[in-house]
Amino acid sequence: MKKIAIITRDCAGVNAAIRSVVRTACGYKIEVVGVLKGYDGLIDGKFIQLNRGSVSGIINLGGTILKTSRSKRFLTDSGQKQAVKNLHEYRIEGLIVIGGNGSLSGAHNLATQGKIAVVGIPATIDNDITDVDLAIGADTAVNVALDALDKIRDTATSLERIFVVEVMGRESGYIAMQVALAGGCEEVLLPEKESDIEVMCKEIKQGNAKGKSSWIIIVAEGKAKAHDIARLITRNTGFETRVTVLGHIQRGGHPTAVDRILASQLGNYAVEVLRDGQTDICVSMKNDKLVTIPLSVAIQPKKIKVAETYKLIKLLTK
Ligand code: F6P
């Protein structure tokens with residue numbers, strides 16, 4: 001294999017993965033090009049040369065140095081055909097796709113329909129890739145949200161208030177569940193679990209009668225809008241509420257050590273398996289071992305298991 005390309009989405013740890021891919025490939029004297037602006041850039045043939053030097057000083061940076069896009073054109077047949085044409089024209093023999101569900105679905109199409117050798121690296125704060133325990137970016141997102149939550153708690157406690165905090169995750173309750181446990185939150189509303197707002201309000205009133213004066217309730221964006229939940233709480237309990245929607249801060253920031261290490265391992269392994277002739281797979285870490293998963297499996301909707309953690313959250317805040 002003489003020349004490969006990398007295409008990315010953005011979240012913390014993606015740059016560390018780019019660095020690992022580039023430096024591993026350089027070790028094998030494989031030429032590496034970066035695709036600018038995601039799948040839009042692949043359609044437009046926007047490639048830049050990458051070498052050991054061009055990825056220095058990026059292991060600690062959030063986002064992606066390659067920039068990215070949510071490409072509507074790549075969802076079309078003509079867009080995908082143009083992308084394949086460009087890969088052939090630039091003599092690219094293998095493609096490494098770093099991203100979440102959408103990116104990996106695109107990777108699967110390029111492998112199956114375009115007959116391109118493709119290896120995916122899961123990177124998404126939603127942590128919703130099937131059979132992947134931890135995607136790059138998820139650990140940082142949880143830590144960013146937790147840091148914000150700790151600060152919110154200072155005001156919640158001082159002013160004896162109820163806060164409703166909305167976290168990201170698309171259809172996945174991963175960030176919400178992790179943050180609720182790590183942040184000692186009283187309640188978490190998850191897409192993976194039925195919630196009874198009336199019961200929650202009853203608990204708030206009972207807790208207040210016993211002297212409890214502040215609550216933090218986490219809402220996963222895929223479940224409900226924090227403002228709607230806050231309004232229901234006020235209507236049912238008579239207590240004042242405040243809302244914080246954490247938004248895109250969760251996708252940015254310096255990657256945690258966990259994300260940098262995972263990104264370095266997966267980036268290296270992706271080049272190894274691509275050299276090995278494997279395609280239409282993504283790489284992952286399972287029980288401390290590097291593994292591969294067919295992309296056709298990885299892109300299936302993942303339902304995270306929440307029952308045990310939810311039980312623990314409730315037990316510890318009763
Ligand atoms: O998939 C990652 C994610 O950050 C989700 O958690 C969120 O719902 C979505 O992307 C936001 O997308 P955009 O950045 O396009 O608004």
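Q: A polar contact of 3.2 Å joins the side chain of aspartate 10 to the side chain of which residue?
A: Let's start with the ground rules: this is a predicted model, in which local features need pLDDT of at least 70, side-chain atom pairs count only at pLDDT 80 or more, and totals for chains, interfaces and linings use all residues. Residues are numbered from 1 along each chain as its sequence is written, while side-chain values use heavy atoms and leave out hydrogens and water. A polar contact is a pair of N or O atoms within 3.5 Å; within protein, one must be able to donate a hydrogen and the other to accept it, and residues adjacent in sequence count only if both atoms are side-chain atoms. At 3.2 Å, the partner of aspartate 10 is arginine 251.

Q: Is aspartate 10 buried or exposed?
A: Aspartate 10 sits in the loop between strand E1 (3-8) and helix H1 (14-27); helices (H or I, at least four residues) and strands (E, at least two) are DSSP runs, numbered from the N terminus. Buried means under 20% relative accessible area, exposed over 50%, and partly exposed in between (1.4 Å probe, protein chains only). Because its relative accessibility is 18%, aspartate 10 counts as buried.

Q: The side chain of asparagine 15 reaches the backbone nitrogen of which residue?
A: Asparagine 15 belongs to helix H1, and at 1% relative accessibility it counts as buried. Setting aside neighbours within four places in sequence, asparagine 15 is in contact (heavy atoms within 4.5 Å) with Ile58, Leu61, Gly62, Gly63, Thr64 and Ile65. At 2.8 Å, its side chain reaches the backbone nitrogen of isoleucine 65.

Q: How much of the ligand's own accessible area does the protein cover?
A: The residues around the ligand (those with a heavy atom within 4 Å) include Arg70, Asp126, Glu221 and His248. Oxygen atoms of the ligand lie 2.7 Å from an N or O atom in the side chain of arginine 70, 2.7 Å from a polar side-chain atom of aspartate 126, and 2.8 Å from an N or O atom in the side chain of histidine 248. Of the 390 Å² that the ligand has on its own (Shrake-Rupley method, 1.4 Å probe), the protein covers 74%.

Q: How far apart are the centres of domain 1 and domain 2?
A: The domain assignment, automatic or from a database, gives domain 1 (3-137 + 255-298) and domain 2 (141-251). The two meet where 12 residues of domain 1 are in contact with 10 residues of domain 2. Taken over C-alpha atoms, their centres are separated by 35 Å.

Q: Which helix gives the largest share of the largest nonpolar core?
A: A nonpolar core is a set of buried Ala, Val, Leu, Ile, Met, Phe, Trp, Tyr and Cys residues joined through side-chain atoms within 4.5 Å. This one has 64 residues, and among those touching the most other members are Ile6, Ile18 and Ile96. The largest share, nine residues, comes from helix H5.

Q: How many residues are in the other core, which includes Phe47 and Ala298?
A: The largest core draws at least three residues from each of domain 1 and domain 2. Apart from it lies another core, with Val84 and Leu95 also among its members, and its residue count is 27.

Q: Which glycine follows helix H6?
A: In H6 (residues 174-182), Tyr174, Ile175 and Met177 are among the buried residues. The buried residues of H6 pack against several elements, including H5 and helix H11 (307-317). After H6 comes a residue with a positive phi, near 65°: glycine 184.
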